[in-house]
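Work through the exercises below with the sequence and the model open. Each task is followed by a stepwise solution.

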Amino acid sequence: MNSVLLAVLVMLVLSAVRVHVVLALFIGALVGGLVGGLGLDGTMVAYQEGLSGGAMLALSYALLGAFAMAVSSSGLPQLIANGIIAKVGSESSETNHRIEYTVKWLLLAGILAMSIMSQNLIPVHIAFIPLIIPPLLAVFNRLKLDRRLIACVLTFGLVTTYMYVPVGFGAIFLNDILLGNIKLAGMDTSGINVMTAMAIPAMGMVVGLLIAVFFSYRKPRAYQTVELAPTETVTTEVKKFNVVVAIIAIVATFVVQVVMQSMGTEANSLLVGALVGLTIFMVTGAVKWKEADDVFTAGMRMMALIGFIMISAQGFAAVMDATGDVDPLVTTVADLFAGNKAAAAMAMLVVGLIVTMGIGSSFSTLPIITTIYVPLCLALGFSPLATVSIIGTAGALGDAGSPASDSTLGPTAGLNVDGQHDHIRDSVIPTFIHYNIPLLIAGWVAAMVL
């Protein structure tokens with residue numbers, strides 16, 4: 001059996017039976033490495049090298065967490081949560097039922113908007129979730145909102161935005177990684193509109209979101225109201241000045257990354273943008289010098305577990321790459337459907353799903369599969385636009401629904417603070433069903449019509 005496929009299956013099964021995802025990743029990597037012929041020593045060396053390669057990832061999450069905590073200390077999240085809670089009220093009446101109905105949809109729209117903006121306008125990625133969602137759990141309970149629905153809404157914004165909008169994280173995924181690796185593999189990408197290539201797959205994600213909202217999780221679901229323990233985050237009195245500074249810092253962070261990306265610099269624009277935002281908080285005094293250490297430490301601590309899981313996934317990916325069984329997996333599946341474009345396209349998408357489910361990162365999957373998929377697509381007669389769509393979709397597949405993905409870890413971090421939202425059953429499985437299946441179908445359609 002192919003070692004990569006076996007490793008992914010072991011990791012998924014262990015995660016499903018509630019083995020911690022870090023341990024599941026390690027055991028999966030160990031099984032894959034041994035089956036792949038690396039031996040215990042070779043497997044451990046590859047895993048360790050992969051961990052060391054995640055240093056930049058760890059720093060990115062740490063700074064983004066610190067920036068998100070600085071925004072939180074300005075009082076913006078408190079204002080949002082308090083405003084919503086006040087709007088819902090505590091009286092039970094016909095008028096309040098109408099208010100609750102309105103607030104429900106405003107909540108979903110607001111959470112979706114924040115999730116989308118976290119990828120570009122306010123590049124904090126998932127760091128906003130543990131700040132915004134926990135204060136709103138009482139509201140969710142009052143409205144009897146199914147938290148699986150909230151997880152689906154959050155994951156939609158996190159994934160669809162970077163796979164379609166070439167700004168912020170999307171610029172990295174679409175321009176730097178997707179088009180960059182395709183060009184390195186020998187295909188001319190000049191003149192290709194990446195948004196056109198990814199439009200149909202993105203519509204698949206929209207369909208999945210609509211199904212989750214209007215069918216799967218529209219019914220009320222009761223949760224116990226649990227009084228949360230005081231958080232370790234630094235809270236400050238909500239002042240107008242701090243809110244204004246927060247808005248300025250957010251705008252500055254966005255402008256810095258856009259300018260750096262337009263200049264084509266190789267520096268990490270997200271890190272620089274976060275640093276600029278943090279500097280503005282410090283210089284203006286919105287975050288006092290004596291509180292700065294607590295604010296930054298709290299932000300880094302908030303993202304520590306998620307960052308560590310992502311680093312562990314890098315070790316898993318390194319072992320899978322070291323086995324050399326990714327290439328045979330791709331080519332073997334593709335050879336089974338040689339000459340059949342429809343079957344070959346579906347096979348390539350399924351392999352991308354398997355690889356990303358194991359690695360937990362679309363950004364890491366693309367470099368692995370692109371060098372094989374490009375010549376394969378050329379040989380099968382796919383157009384350059386269809387090739388970009390196939391590879392982009394194959395990379396994005398599995399991000400939603402992977403136990404090791406930040407797109408599922410983030411929602412769980414916010415929704416499970418009271419212990420009533422299981423990572424696998426309430427985040428991983430719902431997002432897998434509602435996004436991977438429509439995305440798989442939409443990606444296949446795009447491959448056929450582009």
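**Exercise 1. List what His423 touches, leaving out residues up to four places away in sequence, and describe its polar contacts.**

Step 1. Find the neighbours. Contact means heavy atoms within 4.5 Å. Beyond the four-place window, His423 touches Pro403, Thr408, Leu409, Thr412 and Val428.

Step 2. Place the residue. His423 belongs to helix H19 (residues 423–449). Helices (H or I, at least four residues) and strands (E, at least two) are DSSP runs, numbered from the N terminus.

Step 3. Check burial. Buried means under 20% relative accessible area, exposed over 50%, and partly exposed in between (1.4 Å probe, protein chains only). With a relative accessible area of 15%, His423 is buried.

Step 4. Look for polar partners. A polar contact is a pair of N or O atoms within 3.5 Å; within protein, one must be able to donate a hydrogen and the other to accept it, and residues adjacent in sequence count only if both atoms are side-chain atoms. The side chains of His423 and Thr412 make such a contact at 2.8 Å. A polar atom of the His423 side chain also lies 3.0 Å from the backbone oxygen of Pro403.

A note on the source: this is a predicted model, where local features need pLDDT of at least 70, side-chain atom pairs count only at pLDDT 80 or more, and totals for chains, interfaces and linings use all residues. Residues are numbered from 1 along each chain as its sequence is written, and side-chain values use heavy atoms, with hydrogens and water left out.

**Exercise 2. How many aromatic pairs does a search of the whole structure find? Classify Phe26–Tyr47 and Trp105–Phe214.**

Step 1. Set the rule. Rings of Phe, Tyr and Trp (its six-membered ring) pair if their centres lie within 6.5 Å; planes under 30 degrees apart count as stacked, over 60 as edge-to-face and the rest as tilted.

Step 2. Count. The search finds 4 aromatic pairs.

Step 3. Take Phe26 and Tyr47. Their ring centres are 5.3 Å apart and their planes stand at 75°, so this pair is edge-to-face. Phe26 is in helix H2 (residues 21–35) and Tyr47 in helix H3 (residues 39–52), so the pair ties together parts 21 residues apart in sequence. Phe26 is partly exposed at 27% relative accessible area, whereas Tyr47 is buried at 7%.

Step 4. Take Trp105 and Phe214. Here the centres are 5.7 Å apart and the planes at 25°, so the pair is stacked. It links distant parts of the chain, 109 residues apart: Trp105 in helix H6 (residues 94–117) and Phe214 in helix H10 (residues 194–216). Trp105 is partly exposed at 29% relative accessibility. Phe214 is partly exposed at 43%.

**Exercise 3. Where is the kink in helix H7 centred, and what phi does the residue just after H7 take?**

Step 1. Find the bend. At a residue, the bend is the angle between axes fitted to the seven residues ending there and the seven starting there. Helix H7 (residues 129–143) has a kink of about 45°, centred on Leu137.

Step 2. Check the cover. Of the 15 residues in H7, 12 are buried. Among them are Leu136, Leu137 and Phe140.

Step 3. Step past the end. Lys144 sits in the loop between H7 and H8. Its phi is positive, about 55°, although Lys144 is not a glycine. Most residues other than glycine have a negative phi. Lys144 is partly exposed, with a relative accessible area of 45%.

**Exercise 4. Which residues have the most contacts inside the largest nonpolar core, and which helix gives the most to this core?**

Step 1. Define the core. It is a set of buried Ala, Val, Leu, Ile, Met, Phe, Trp, Tyr and Cys residues joined through side-chain atoms within 4.5 Å.

Step 2. Read off the result. The largest core has 117 residues, and Phe140, Met163, Phe281 and Phe382 have the most contacts inside it. Helix H8 (residues 147–164) gives the most, with 11 residues.

Step 3. Zoom in on Phe140. Residues up to four places away aside, Phe140 touches Leu107, Ile111, Ile133, Leu145, Ile150 and Leu415.

Step 4. Set the chain context. The chain has 19 helices and 0 strands. Buried residues make up 54% of its 450 residues.
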